[in-house]
Each structure stands twice: as C-alpha cells, then as structure tokens.
Amino acid sequence: MIKKIGTVLFVIGIAIMLIGMPYLLGYSTNECLKYPLYLGLLVTVIFAPTPTKRK
C-alpha cells in the first residue's frame with residue numbers, strides 16, 4: 001500500500017514539474033510557475049522508486 005502511495009506521489013511530482021516547465025525554458029515570465037517547478041522536483045526526488053535487490 002505504501003509503495004502505491006509513493007508511486008502516485010512520484011507521478012504527481014512529474015506532472016507538477018511539467019506544469020512549471022515553461023518558466024524554466026523561458027516561455028513564460030510568470031513568477032508563480034517557478035514554485036510548482038521546484039515543488040514538483042522535490043516531490044519527485046523524495047518519492048522516486050528505488051529498486052529492490054533480490055537474492
């Protein structure tokens with residue numbers, strides 16, 4: 001169950017990061033877009049799926 005929640009938050013982080021991408025690329029000068037960009041990056045890094053080592 002916890003793994004599913006982490007996967008969903010990882011996908012949400014990627015979506016939030018894509019929303020802020022126009023600010024990073026310079027297509028938009030809207031300052032409000034930089035917050036989803038960095039928040040999405042943090043959520044994506046925190047909830048990135050880690051491979052499990054099998055014996």
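Reader: Is Thr44 buried or exposed in this model?

Author: One reads this from the relative accessible area, where buried means under 20%. In this predicted model, Thr44 has a relative accessibility of 10%, and therefore counts as buried.

Reader: Where does Thr44 lie, and which residues does Thr44 touch?

Author: Thr44 belongs to helix α3, which covers residues 34-46. Leaving aside residues up to four places away in sequence, Thr44 is in contact with Phe10, Gly13, Ile14 and Met17. Helix α1 spans residues 2-19.

Reader: How many helices and strands does the chain contain?

Author: The chain has 3 helices and 0 strands. Read from the N terminus, the order of its elements is α-α-α.

Reader: What does the radius of gyration say about the overall form of the chain?

Author: The value is set beside that of a compact globule of equal length. For 55 residues such a globule would have a radius of gyration near 10 Å, whereas this chain has 14 Å. A box drawn along the principal axes gives a second view: the C-alpha atoms fill roughly 50 × 20 × 10 Å.

Reader: What share of the residues counts as buried, and how much accessible surface does the chain have?

Author: Of the 55 residues, 18% count as buried. The accessible surface of the chain amounts to about 4,700 Å², and carbon and sulfur atoms account for 73% of that area.

Reader: What share of the contacts joins residues at least 24 apart in sequence?

Author: Here one considers contacts between residues at least 6 apart in sequence, and 47% of these join residues at least 24 apart.

Reader: How many salt bridges does the structure hold, and which residues form a salt bridge?

Author: Side chains of opposite charge can pair when their charged atoms come close. The structure holds 1 salt bridge. Its partners are Lys34 and Glu31, with 3.1 Å between the closest N and O atoms. Partly exposed residues fall between the limits of 20% and 50%. Lys34 has a relative accessible area of 22% and is therefore partly exposed. Glu31, at 42%, is likewise counted as partly exposed.

Reader: Which residues form a nonpolar patch on the surface?

Author: The patch consists of Leu24, Leu25 and Tyr27, which together have about 400 Å² of accessible area. One of these residues, Leu24, lies in helix α2, residues 21-25. Its relative accessible area is 52%, so Leu24 is exposed. Met21 also has its place in helix α2, but with 24% relative accessible area Met21 is partly exposed.

Reader: How far apart in space are Met21 and Pro36, and how far apart are Pro49 and Pro36?

Author: Separation along the sequence and distance in space are two separate readings. Met21 and Pro36 are 15 residues apart in sequence, with 8.8 Å between their C-alpha atoms. Pro49 and Pro36 are 13 residues apart in sequence, yet their C-alpha atoms are 21 Å apart. Pro49 is located in the segment after α3, and its relative accessible area of 58% makes Pro49 exposed.

Reader: Which element of the chain has the lowest mean pLDDT, and which the highest?

Author: Where pLDDT is low, the predicted coordinates should not be read in detail. In this chain the mean pLDDT is 86, and 100% of the residues reach 70 or more. Among the elements, α2 has the lowest mean, 85, and helix α1 the highest, 89.

Technical notes: Residues are numbered from 1 along each chain as its sequence is written. This is a predicted model: local features need pLDDT of at least 70, side-chain atom pairs count only at pLDDT 80 or more; totals for chains, interfaces and linings use all residues. Side-chain values use heavy atoms; hydrogens and water are left out. Helices (H or I, at least four residues) and strands (E, at least two) are DSSP runs, numbered from the N terminus. Buried means under 20% relative accessible area, exposed over 50%, partly exposed in between (1.4 Å probe, protein chains only). Contact means heavy atoms within 4.5 Å. The radius of gyration is taken over C-alpha atoms; the globule rule is 2.2 Å times the number of residues to the power 0.38. Accessible areas come from the Shrake-Rupley method with a 1.4 Å probe; for residues, only the protein chains shown count as cover. A salt bridge is a side-chain nitrogen of Lys or Arg within 4 Å of a carboxyl oxygen of Asp or Glu. Patches are made of residues with over 30% relative accessible area and no salt bridge: like charges are joined within 9 Å, nonpolar side chains (Val, Leu, Ile, Met, Phe, Trp, Tyr) within 5 Å. pLDDT is the predictor's confidence in each residue, from 0 to 100.
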